[in-house]
Amino acid sequence: MKVYSQLAKDCLDGCTDAQREAIQHTTGPLLVLAGPGSGKTRVIARRVAYLVATGSRPDEILAITFTNKAAGEMRDRIETLQHGSGQTLRAAGGAWISTFHSFCARVLRIHGRHVGLKPSFTIYDTSDSVAATKRAMEQLDIDQSMFQASYAAKAISAAKNRLWSPAQARQSQAKDAATIAKVYEKYDQLLRAANAADFDDLLLLMVRLLRELPDVAQSLSNRFRHVLIDEYQDTNRAQYVIAKHLAATHRNICATGDPDQCIYGWRGADLNNILEFETDYPDAKVVRLERNYRSTKTILRAADRLISFNLARKPKTLWTANPEGTTLALFRCEDETSEAQAVAADIDEQVRSGHVAPREIAVFYRINAQSRVLEAALRSQGVPYVIVAGTEFYQRKEIKDLLAYLRLVVNPPDDVSAGRAANTPPRRIGSTSVTRLKKWAAPRGLCLLEAMSRAKEAGVKGPAIKGIEDFLETLTALRAMPRRPAAALVEKLIELTEYERYLRRATSSPEERMENVRELVNAAAEYDGSEEEGDLQGFLEQAALISDVDRWDEERGGVTLMTLHSAKGLEFSTVYIVGLEERLLPLMRNESAHDIEEERRLFFVGLTRAKHRAVLTFAESRARYGSRDYTEASRFLEELPEEVMAGGGQGAGVVATASFKSFMRRRRLRAAGAVPLRRVRRSDTEEIVYDGDMPADETAEWGKGKGDGRVRRGRRAGASLNAVAAGDQVEHPTYGRGAVLEVSGYGDLAVALVRFHTVGIKRLVLKYARLRKTSRGRGE
DNA sequence: TCGGGGCAGATTTTT
DNA sequence: TCTGCCCCGA
């Protein structure tokens, strides 16, 4: 007991009162609302160590993190803590620390047969899902011209995220619901026949398991005395239900997160999970971690102001004792090439002057496509960089090809993999033969491989017979090998299929592809080295569930390039956020309603990664597909307090900006003259209405007239004229009374979507619409 | 059955 | 711009 109390003491060492509270509250539900940089990870690690120190067994603890990388780091931190205390008896090695998906996969390997999965099941990634959806549509004779398989796959995924069965999906209001439901049903049948589960199934089937097998649910829930869920704001419905089940017996659930950092709404993340935690667990203790240890005052102030424009949030007070720091820099560039060069030049200068090491720098962007120019610029500037994602490694053709074989070794019924592997490299097994095999196999309830082993019987003729024999022989040879080490199997596979020869013969960039193939062997070898019990199946599971960030090796010591989504949970000394343009950040593909608040949170996440310096950039024109678009600076720039901004930047291609203030004024002028900015949306129910005449001299008036031009806190839309927000009741001289559904746009370009009792939904430009607010909805 | 050439459509964001 | 798909000739 003595040893334990020393560790317990160490766990609280150097913590604030709030942090201690979170660590020491070990009985009953706990919600930790943790602002960015508030030491949340530290609190979780110490809490786990503390639990062990005070007598919990490690294997009674389940900690769910957002990425595998975070899980690994958590494990390291806990172990370091324990080593530091000289405690070796109960290392955290036994604690369950993983992502929701990995955890569910692990449980389903054991209990999955009750929901139709054999232990050797394959995990399908998104592209496998699309392939399976395509097959389902083919079998149902649904023409691809009606909608694409990828569209259906997305709809099915969304349904699964909501825990809908095909029958429930049919009830939905969505377009094509009935057809989608049919595809969903068939798709599920195919997956079960292939002994495969997609990402959503891992969660969905886990939920079914917990609901339909009380014994299993009970034993799991009994087992986990302590359940910790990190990034709770990004949990979806299925994850929420799983967490609830797991914590049912002991009710020691600790959820940590920050509603302002919910950025996965598009993937079904439900902000209400965290916002309503206290309703779910009325006896919950709530701890707020609002002190920031990461960023300068300036950065924090900028982030705090920005996020205050969101209405769907719990207000909080972020503060820091850190120094004031330098202002944020804003680069306004001619085009995306100049932008990339400006960033590269600035980085180069910073690094050369010894201010900061490359590994302490990150560049964030909204979409992966933006990384190309940045890479090129950094390369030509001679700045070392590490890119997270890009075209994801495990999505590359050569990798998918090889993995398909390996999956078949473990799980023969996997028809998607069989279809892929059979004729790669080409074995003269064409589509005619494959179609014949499928047609023959389906009514007999056989998988593709079984059909192939009886190819002649199935009516396959010609050279395909020989090819099929060859393919099956390859698989047999692989299957004869021990499942461990995995790397040996990968090497054997490359040799047997003469894969390198195939790449040289049939692809345009064999060297690069071969490099990837070698990296796959390395990954397998690494896996063999790190997992004592690991075999081929384990390697495949890791390969399926690995995320972009998981593959990021910060030790490699270059500037990090990644999407804003990947940036969650990380921190850097200097952060560049590029592409601050309307329609890019915030990203909008069309005119339809779009969650601006989530985009704002995404920017918030990016900004709060910076410790010392943040640089924001945008380009005045940007190449998109083949053509070139003229852009407009992001509304988010306008939402930052002016006093924290400095224009400028000396790098090549930067259009010198005298000051942020004058830039913003010019921008407003331009914007005022550019009304209407958005194209009118053609739709039955909506139209842009300019109510009243736009004064001819409006352009001249704006900017010097009313007010100081600053945007008011907490209200964006038409702040000075019509301060309305979603939920407000309004009255219009012509249309009468209505309710505001949504407000988008900013300043004098704000547009409200209003549902009127008389005429239905109208889109109104607030500046001109003579709207009168009659009662207030939600808001601050 | 294979592979080249031409053409249409695509980019959110990720487990 | 780039990719992946379809069609056609060999």
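**Exercise 1. The surface near DNA strand B**

How many residues surround DNA strand B, and which are the closest? Describe the surface they form.

*Solution.* Keep in mind that this is a predicted model.

Step 1. Count the residues. DNA strand B is surrounded by 33 residues. The closest are A369, P426, G430, T432 and S547.

Step 2. Find the elements. Two of them, α20 (431-444) and α22 (463-479), give two or more residues to this surface. The most come from α20, with three residues.

Step 3. Sort by class. The surface near DNA strand B has 15 polar, 13 nonpolar and five charged residues.

**Exercise 2. Chain A as a whole**

Give the counts of helices and strands in chain A. Then state how much of chain A is buried, and how far apart in sequence its contacts reach.

*Solution.*

Step 1. Count the elements. Chain A holds 30 helices and 25 strands.

Step 2. Look at burial. Of the 780 residues in chain A, 48% are buried.

Step 3. Look at contacts. Take those between residues at least 6 apart in sequence; 75% of them join residues at least 24 apart.

**Exercise 3. Two helix pairs**

Classify how α2 sits against α3, and how α15 sits against α27.

*Solution.* Two packed helices are described by the angle between their axes and the distance between the axes.

Step 1. Take α2 (residues 17-24) and α3 (residues 40-53). Their axes come within 8 Å and cross at roughly 45 degrees.

Step 2. Apply the cut-offs. Angles under 35 degrees count as roughly parallel, and 65 to 115 as roughly perpendicular. The angle of roughly 45 degrees fits neither class. So α2 and α3 are oblique to each other. The crossing of α2 past α3 is right-handed.

Step 3. List the contact. From α2 come Q19, A22, I23 and Q24; they meet V43, R46, R47 and Y50 of α3. By class, the residues of this contact are four nonpolar, two polar and two charged.

Step 4. Take α15 (residues 297-307) and α27 (residues 596-607). Their axes are 10 Å apart, and the packing angle is about 170 degrees. Angles over 145 degrees count as roughly antiparallel. Therefore α15 and α27 are roughly antiparallel to each other.

Step 5. List this contact too. I299, A302, A303, L306 and I307 belong to α15, while R600, F603, F604 and L607 belong to α27. The contact of α15 with α27 has eight nonpolar residues, no polar ones and one charged.

**Exercise 4. Two residues in strands**

Is A619 buried or exposed? Is T320 buried or exposed? Place each residue in its surroundings.

*Solution.* A residue counts as buried if 20 or more other C-beta atoms lie within 10 Å of its own.

Step 1. Locate A619. This residue lies in strand β16 (residues 610-624). A619 has 29 other C-beta atoms within 10 Å, so A619 is buried.

Step 2. Find what A619 touches. Leave aside neighbours within four places in sequence; A619 is then in contact with C333, E334, D335, E336, S338, E339, E581 and T631. A619 and R332 are 287 residues apart in sequence, yet 6.0 Å apart in space, C-alpha to C-alpha.

Step 3. Locate T320. This residue lies in strand β10 (residues 319-320). T320 has 20 other C-beta atoms within 10 Å, so T320 is buried.

Step 4. Find what T320 touches. Leaving aside neighbours within four places in sequence, T320 is in contact with R291, N292, S295, K297 and L300. T320 and R294 are 26 residues apart in sequence and 8.2 Å apart in space, C-alpha to C-alpha.

Key. Residues numbered from 1 in each chain as written. Chains lettered and ligands numbered in written order. Predicted model: local features only at pLDDT ≥ 70, side-chain atom pairs only at ≥ 80, totals over all residues. Axes fitted to C-alpha atoms, helices over the stretch in contact; angles between N-to-C directions. Helix = DSSP H or I, 4+ residues; strand = E, 2+ residues; numbered from the N terminus. Left-handed = near helix turned anticlockwise from the far one by under 90°. Contact = placed C-beta atoms within 7 Å. Nonpolar A, V, L, I, M, F, W, Y, C, P; charged D, E, K, R; others polar. Near = placed C-beta within 6 Å. Buried ≥ 20, exposed ≤ 12 C-beta atoms within 10 Å, placed from the backbone.
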